[in-house]
Amino acid sequence: MPVQATMLSFDVVIIGAGPTGLGAALRLTERNRTSWCVLDGSDVAGGLSRSVKDDHGFTWDIGGHVIFSHYQYYDDVMELAIDASGWNVHQRESYVYVAGAWVPYPFQNNIHRLPTELREECLGGLERLTEAHAHPPAALNFEQWFTNQFGEGIARVFMRPYNTKLWTVPPSAMSCAWVGERVAQIDLAQIKQNMARGEDDVGWGPNATFRFPKEGGTGGIYRALASRLPRGRVHLGPEHRVVAVDPVRKVLTLRGGRQLRYTALLSSIPLDELLRALAVGLESATGAAPHPPLDAATCRLLADKLDFSSTHIVGLGMRGTVPSFLKTACWLYFPESHICFYRATVFSNYAERNAPEGCWSLMLEVSAARGGDAYADDAAALVAACVQGCLDTGLLSAEATIISRWHHFERKGYPIPTSGRDAALDACLPVLREAYSIYSRGRFGAWKYEVANQDHSVMQGVEAIDRILAACGDAALPGGEVPLEPTVHHPELVNTTRGTMRCTLTRSDRE
């Protein structure tokens, strides 16, 4: 950004150059808007979808990401980033490791793979559930929901330990309103048929088929998209980190003191961080109403109500070829507590160039609770625990030659859908939009895990821009209807239907 003589003003300022912010920027470009900019405190675009190449030549994502879509628009955007020849297409092959057995995902459809005692426990729980009631009682939390749906056997063997390990909070402290397509429902007759025939049932879910870039990891997608935006609009680096938002004067303060004025603000930074930046801005605002819609104390109180978990990502790069039983595997789940990671991805299977020639790789994810982390100050111990877990589960043999041990800690890995989340969101998101023209969107911006995949996140940015432009008198829909941002407001609809809107940008659309 050029040296500032006077305060710069924009119609739209976008905070965050991840999928949501870049989706918003693409939509503004598509709609021929020029008074906007993107700010991001990182040195590279992509947000949580960025990728890193380590000193040994292995590429790692910041967590497990794959490309699948509920929207034609998102598919068009992916082709804008990388042409058709630059993608690999995979059939999901995923397993749950329990008591030494590899159970195909989704677990509840394939319990015939379990050892006899556990298989009978899981089946018995399902049968008792069916006998007790044709329609389960309403659940008050996530633990009640999955126990009502799957019975106590599956709850004990898989759902309770895995979700406790992933989310770092008891499932009883989580809402069940977010579940939707995230968890496969039960068909007891089909499960019994699978058991009788010894057949696996693996086709469920929106990611049964997915794409992945042949080079550059997931981050390569978003670096390419940022490069296709008009020059001079995307500003990266620590000096562009937003530290205060004055919603009264509509002024942002950046690290170092530089200020920008906006008409509408689209933020994809974590909502709790935005609320705290708003508290700082409100405390310094002049001419504020005596009783503003959100005061500084309320902003901080709401920020404290939003819970999250952190994530360690550990990459292990090995010399040699991937073991035969992992040659077509994608990602693997580990509910048992003696294994520190909850998920492992055979990352070299996604793309040959994710690993140097003659090598292969595993990417492991370990959750850390917001309130504390046993490995916070000892990355070497974490990596050693991950290696041991791989040896204990057979992912690695004792003869494996590990040439790369990579570690990254992401403080905000998952927005947790706690039982009080929706009340906190309802108390701030509509007020920010209606009173201050601030749209908080994206995985952590909207704090809705149920619409936090990459396609959802891009479309939250696109839909917010349509809403912003409509609010300025520029009708975004035929007939002048105001866009309703279906992704963030109606997850139950966007996850069961396919959006047909097209992106009209081409690779030549750049100033």
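Here is a short conversation about helix packing, domains and backbone details in this predicted model.

Reader: Why are α7 and α8 called roughly antiparallel?

Author: Helix α7 (residues 271-284) and helix α8 (residues 296-304) pack at an angle of about 165 degrees, and their axes are 8 Å apart. Angles over 145 degrees count as roughly antiparallel, so α7 is roughly antiparallel to α8. The crossing in which α7 passes α8 is left-handed.

Reader: Which residues of α7 and α8 meet?

Author: From α7 come D272, L275, R276, L278, A279, V280, L282 and E283, while α8 brings A296, C299, R300, L302, A303 and D304. By class, the contact of α7 with α8 holds nine nonpolar, no polar and five charged residues.

Reader: What makes α1 and α6 roughly parallel?

Author: Again the angle decides. The axes of helix α1 (residues 19-30) and helix α6 (residues 217-227) cross at roughly 30 degrees and come within 10 Å. Angles under 35 degrees count as roughly parallel, and therefore α1 and α6 are given that name. In the contact, P19, L22 and L26 of α1 meet Y222, L225 and A226 of α6. Six nonpolar residues make up this contact, with no polar and no charged ones. Here too the crossing has a hand: α1 passes α6 in a left-handed one.

Reader: How do you know that α1 and α12 are oblique?

Author: For α1 and helix α12 (residues 454-471), the packing angle is about 40 degrees and the axes are 7 Å apart. Roughly parallel needs an angle under 35 degrees, and roughly perpendicular runs from 65 to 115. An angle of about 40 degrees fits neither class, so α1 and α12 are oblique to each other. Their crossing is right-handed. On the α1 side, the contact is made by P19, T20, G23, A24, R27 and L28. On the α12 side, Q454, S457, V458, Q460, G461, V462, I465 and D466 take part. The residues of this contact of α1 with α12 are six nonpolar, six polar and two charged.

Reader: What are the domains of this protein?

Author: The domain assignment gives domain 1 (9-50 + 66-88 + 215-269 + 438-506), domain 2 (110-194) and domain 3 (308-415).

Reader: How do you know that domain 2 and domain 3 are in contact?

Author: Contact means heavy atoms within 4.5 Å. On that basis, eight residues of domain 2 are in contact with 14 residues of domain 3. Between them the two domains bury about 870 Å², with 67% of this on carbon and sulfur atoms. Within domain 2, Y162, K165 and L166 lose the most area to domain 3, and together they account for 61% of what that side buries. The centres of domain 2 and domain 3, taken over C-alpha atoms, are separated by 27 Å.

Reader: Why would anyone point out a cis peptide bond or a positive phi?

Author: Most peptide bonds are trans, and most residues other than glycine have a negative phi, so exceptions can be pointed out.

Reader: What joins Y105 and P106?

Author: A cis peptide bond does, with omega at about 0 degrees. P106 belongs to the loop between β7 (101-104) and α3 (116-132).

Reader: Which phi does A99 have, and where is A99 found?

Author: Although A99 is not a glycine, its phi is positive, at about 50 degrees. You will find A99 in the loop between β6 (95-98) and β7.

Key
Residues numbered from 1 in each chain as written. Predicted model: local features only at pLDDT ≥ 70, side-chain atom pairs only at ≥ 80, totals over all residues. Heavy atoms only, no water. Axes fitted to C-alpha atoms, helices over the stretch in contact; angles between N-to-C directions. Helix = DSSP H or I, 4+ residues; strand = E, 2+ residues; numbered from the N terminus. Left-handed = near helix turned anticlockwise from the far one by under 90°. Nonpolar A, V, L, I, M, F, W, Y, C, P; charged D, E, K, R; others polar. Domains from an automatic or database assignment. Buried area = accessible area lost by both parts, 1.4 Å probe.
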